[in-house]
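Hi everyone, thanks for coming. I'd like to walk you through a structure that may be new to you, so let's put it up on the screen.

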Amino acid sequence: MRTFALALSLAAFFAGSAFAAGGEGFKDKLGLTEEQSQKMEAARKSRREAMEPLKGQFKKHLATLKEQVAGNASDAQIQAALDEIEKHHAAQRAAGEQFHAQVKAILTPRQRAIMLLKMGKRGDKRKGKDGPREHGFHGGERDEPDQRD
């Protein structure tokens, strides 16, 4: 059940992206009524507005953390920065859960199932594109070599 809830949350997240990128096709695939389409657009807009300030805060917290690590800050200072990042993640999760609840209230069970299946196919296509991703590293060069070696 928890896996299904996570999958539906991810599908809801990507649904917002799909509506932003070209909602008409998504609207047709789900068979949304005009009212549902308007409600989904409003939910997506609300989520985007809630997430916008979080993006800037996250970048700021990461910059602070990077400076602290590079500058040999104390563990207490680094922990404080990590705590702020965790608060940020909690706010992101709350915004995602709110969006998920809105989507669940707007769509029928069949529409939610179709959305979940469509997003699963989309995810499968992406997996093959870049290969699997590891915890937080999305490919490319890192600033410093891995200290665990």
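Before I name any helix, a word on what the labels mean: helices here are DSSP runs of H or I with at least four residues, numbered from the N terminus. With that in hand, here is a first example: His61 is found in helix H2. Please also keep in mind that this is a predicted model.

Let's stay with H2. It covers residues 34-70, which makes 37 residues, and it reaches 53 Å from its first C-alpha to its last, close to the 54 Å expected at 1.5 Å a residue. Where does H2 bend? The bend is at Met51, by about 25°, and a proline, Pro53, follows within four residues.

Several residues of H2 are buried, including Met40, Ala43, Arg44, Met51, Leu54, His61 and Leu65. You may notice an arginine in that group, so let's look at its partner. The side chain of Arg44 forms a salt bridge with that of Glu41, at 2.3 Å from N to O. Why can these two find each other? Arg44 and Glu41 are three residues apart in helix H2, so about one helical turn separates them. The general rule is that an α-helix has 3.6 residues a turn, so residues three or four places apart point the same way. Arg44 counts as buried at 11% relative accessibility, whereas Glu41, at 32%, counts as partly exposed.

Further along H2 there is another pair with this spacing: Glu52 and Lys55 are three residues apart, about one turn of the helix. Their side chains meet in a salt bridge at 4.0 Å, N to O. Glu52 is partly exposed, with a relative accessible area of 45%, and Lys55 is partly exposed too, at 48%.

How many salt bridges does a search of the whole structure find? Six. One more of them is worth showing: Lys27 and Glu34 meet through their side chains at 2.8 Å, N to O. Lys27 counts as buried, at 13% relative accessibility, while Glu34 is partly exposed at 45%.

Now let's walk off the end of H2. Just after this helix comes Asn72, with a positive phi of about 55°. Why point that out? Most residues other than glycine have a negative phi. Asn72 has its positive value although it is not a glycine. This residue lies in the loop between H2 and H3, and it counts as exposed at 67% relative accessibility.

On the other side of that loop is H3, residues 75-106. Its 32 residues should span 46 Å at 1.5 Å a residue, and its end C-alpha atoms are indeed 46 Å apart. Among the buried residues of H3 are Ile78, Ile85, His88, Phe99, His100 and Val103.

I'd like to pause at His88. Is this residue buried or exposed? Buried, with a relative accessible area of 3%. Its side chain reaches the backbone oxygen of Leu54 at 2.7 Å. Not counting residues up to four places away in sequence, His88 touches Leu54, Lys55, Gln57, Phe58 and His61. That brings us back to our opening example. His61 is buried as well, with a relative accessible area of 16%. Leaving aside neighbours within four places in sequence, His61 is in contact with Glu84, Ile85 and His88. The two histidines, His61 and His88, are 27 residues apart along the chain, and their C-alpha atoms are separated by 8.9 Å.

Finally, the nonpolar cores. Which residues make up the largest one? There are eleven: Phe26, Leu30, Leu32, Met40, Ala43, Phe99, Val103, Ile106, Leu107, Met115 and Met119. Helix H1 (2-30), H2, H3 and helix H4 (109-130) each supply at least two residues of this core. The largest share, three residues, comes from H3. To see one member in its surroundings, take Leu107: apart from residues up to four places away in sequence, it touches Leu30, Leu32, Gln36, Met40, Arg112 and Met115. There is also a second, separate core of five residues, which includes Leu65, Ala73, Ile78 and Ala81.

That's the tour. Thanks for listening, and I'm happy to go back to any part of it.

Terms used: Residues are numbered from 1 along each chain as its sequence is written. This is a predicted model: local features need pLDDT of at least 70, side-chain atom pairs count only at pLDDT 80 or more; totals for chains, interfaces and linings use all residues. Side-chain values use heavy atoms; hydrogens and water are left out. The expected span of a helix is 1.5 Å times one less than its number of residues. The bend at a residue is the angle between axes fitted to the seven residues ending there and the seven starting there. Buried means under 20% relative accessible area, exposed over 50%, partly exposed in between (1.4 Å probe, protein chains only). A polar contact is a pair of N or O atoms within 3.5 Å; within protein, one must be able to donate a hydrogen and the other to accept it, and residues adjacent in sequence count only if both atoms are side-chain atoms. Contact means heavy atoms within 4.5 Å. A nonpolar core is a set of buried Ala, Val, Leu, Ile, Met, Phe, Trp, Tyr and Cys residues joined through side-chain atoms within 4.5 Å.
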